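User: I would like to learn how to read packing, symmetry and charge pairing in a model. Please take one feature at a time.

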Protein chains: 2
Amino acid sequence: MKTPLIECVPNYSEGRRPEVIEAIVEPFRHRPGCVLLDYRADKDHNRLVVSLVGEPEPISEALIESSRVAVTKINLEHHQGGHPRIGAIDVIPFIPLRNMAMKDCVVLARQFGMRFYEETGVPVYFYEEAALKSERRALEVIRKGQFEVLKLEITRQDRHPDVGEPKIHPTAGATVIGARKFLIAFNVNLGTSDLKVAKEIAKAVRSSGGGLCYVKGIGLALQDRGLTQVSMNIVDYEKNALYRVVELIRMEAKRWGVPIVETEVYGMIPAAALLDSLAYYMQLSGFEPKQVIELALLDQLGKEEQK
Amino acid sequence: MKTPLIECVPNYSEGRRPEVIEAIVEPFRHRPGCVLLDYRADKDHNRLVVSLVGEPEPISEALIESSRVAVTKINLEHHQGGHPRIGAIDVIPFIPLRNMAMKDCVVLARQFGMRFYEETGVPVYFYEEAALKSERRALEVIRKGQFEVLKLEITRQDRHPDVGEPKIHPTAGATVIGARKFLIAFNVNLGTSDLKVAKEIAKAVRSSGGGLCYVKGIGLALQDRGLTQVSMNIVDYEKNALYRVVELIRMEAKRWGVPIVETEVYGMIPAAALLDSLAYYMQLSGFEPKQVIELALLDQLGKEEQK
């Protein structure tokens, strides 16, 4: 069996105190099977976003250790920042990457949620694919009114947590845990300064406008460059391939005689999403990811580690 | 410093005896830093091709061990097969992959060649980028007349080996060692059964016909499917990107109203070659390989191993 690989992107409500940030991140370092890809603290948001890749077990272990630090060091009663939050450890999504199905990630998220409550005393809500109630699929529903409102309303039956007693942790609030698909942040820059064009195209391509079902997007001005941008999240890249998004935008832009100047992938992207679009453009037939040296190597290293 | 990564594709003159093939391959298994990606024995060619990826030192160690087995088990005096050869260990090319320049691979090939002679007694010729004489860049020049002719002509000054006495190893012959770029086998299938069209296009696109400098290619019939194929080797994918090859063929095929039906990558390909072509088609701007999760992971695993 091949090593199951997940991504995990825990969000902590701390973006200002470097020593706390480092203490939270420390458990993710030097741990076999848990790779710390990136962490970014934002002072305005007062929030820390950590990117992990690895195997479920070591990532779970490190999350518990890191969460204990966050519970000790962060007090939501004194926390202010631009980003909505209900907990010291605000959100923990598990994302299947390789050799792991979404349903396995749902099981992982729920088991982890129960353990998380046992070990930290922080109540847990399950969201997205791991939601136990359909309305809790949406993060914004769970987080409504943030910590300040939830601490009062948590006793109301419709706001009871999925795991734990219906009372907030006095300093660490509550935590949202779940499973979701990998999200790609993708921008298409247009050769026009006319913001109306970008907004119209964003509307045509996004799901809320009747476009592609797994695309969210808005039109933005890139004033310094005299360009505009269709800024998107692709929330299911297997169903809405990047090439389809690009070519749909190109088609819509023709109406105004506007060219695509460039495209941008913001942040991380799985190899499969790139190979899929390349196969379209190059008409590649019968291509297997294991033909890519680096991917074959990664598979082999995974096998070695298992022995 | 990041771990230097090479590919190495040793070719052995044994494609028929499974127990010998397994004994030759065994030293490449279970060795940290040396990953056995693939090995293929061909009975008609009577030849074994091994694909290794990893770090220079462990790959070199394993090559010496494996070569000792080949010297013991293979006798060129009794060897027959369809593929040209001069030695039991016929060719060993070192190919830079990541965090390693071609010049480092040349140094590696030459140092390894000297050690190889010391440990096996088999004389060595250096080829391609590691050649000491310009005419020996070409493998076919070194291998002219094969084992049967070389064993007589090796005493002639122009056929003296680069390392070792000017006499052949009585059973294991001589070995060609060198450094070269990664070679991509790439086919473009055309929607015509007219072989003349495929041949004309192959001629237009390949270097010998005045086309792209690092493309070799021929036109072939795919009779079962009623198609034809431009079958190519891209010998420097950094200079002759795949997208340029595809679009040049598309342009030429227009003359006959012939469409590209599909393309095929045969065997392994480095991620960089794919990302480069994708960036062209998608107009990707500022994209970094480390944004690809799997490549970032591979880098991190490399760093972990070094500690």
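Analyst: The turns below go through helix packing, the chain pair and salt bridges. This is a predicted model: local features need pLDDT of at least 70, side-chain atom pairs count only at pLDDT 80 or more, and totals for chains, interfaces and linings use all residues. Residues are numbered from 1 along each chain as its sequence is written, chains are lettered from A and ligands numbered from 1 in the order written, and side-chain values use heavy atoms, without hydrogens and water.

User: At what angle do the axes of helix α7 and helix α8 of chain A cross?

Analyst: Two packed helices are described by the angle between their axes and the distance between the axes. Here, α7 (residues 242-253) and α8 (residues 271-282) of chain A have axes that come within 8 Å and cross at roughly 55°. α7(A) and α8(A) are therefore oblique to each other. Axes are lines fitted to C-alpha atoms, for helices over the stretch in contact, with angles from 0 to 180 degrees between N-to-C directions. Under 35 degrees counts as roughly parallel, over 145 as roughly antiparallel, 65 to 115 as roughly perpendicular, and the rest as oblique. Helices are DSSP runs (H or I, at least four residues), numbered from the N terminus.

User: How is chain A superposed on chain B?

Analyst: By a rotation of 180° with 0.0 Å of shift along its axis, at an RMSD of 0.1 Å. The two copies are thus related as by a two-fold rotation axis. The fit is least squares on C-alpha atoms of residues with pLDDT of at least 70 in both. Of chain A, A:Leu278 comes closest to the axis, at 2.7 Å (C-alpha).

User: How many residues of each chain are in contact?

Analyst: 50 of chain A with 50 of chain B; contact means heavy atoms within 4.5 Å. 100% of the interface residues of chain A are also interface residues in chain B, so the copies meet through the same surface.

User: How many salt bridges are there between chain A and chain B?

Analyst: Side chains of opposite charge can pair when their charged atoms come close. The count between the chains is two (a side-chain nitrogen of Lys or Arg within 4 Å of a carboxyl oxygen of Asp or Glu). B:Arg98 pairs with A:Glu294, with the closest N and O atoms 3.8 Å apart.

Key: Helix = DSSP H or I, 4+ residues; strand = E, 2+ residues; numbered from the N terminus.
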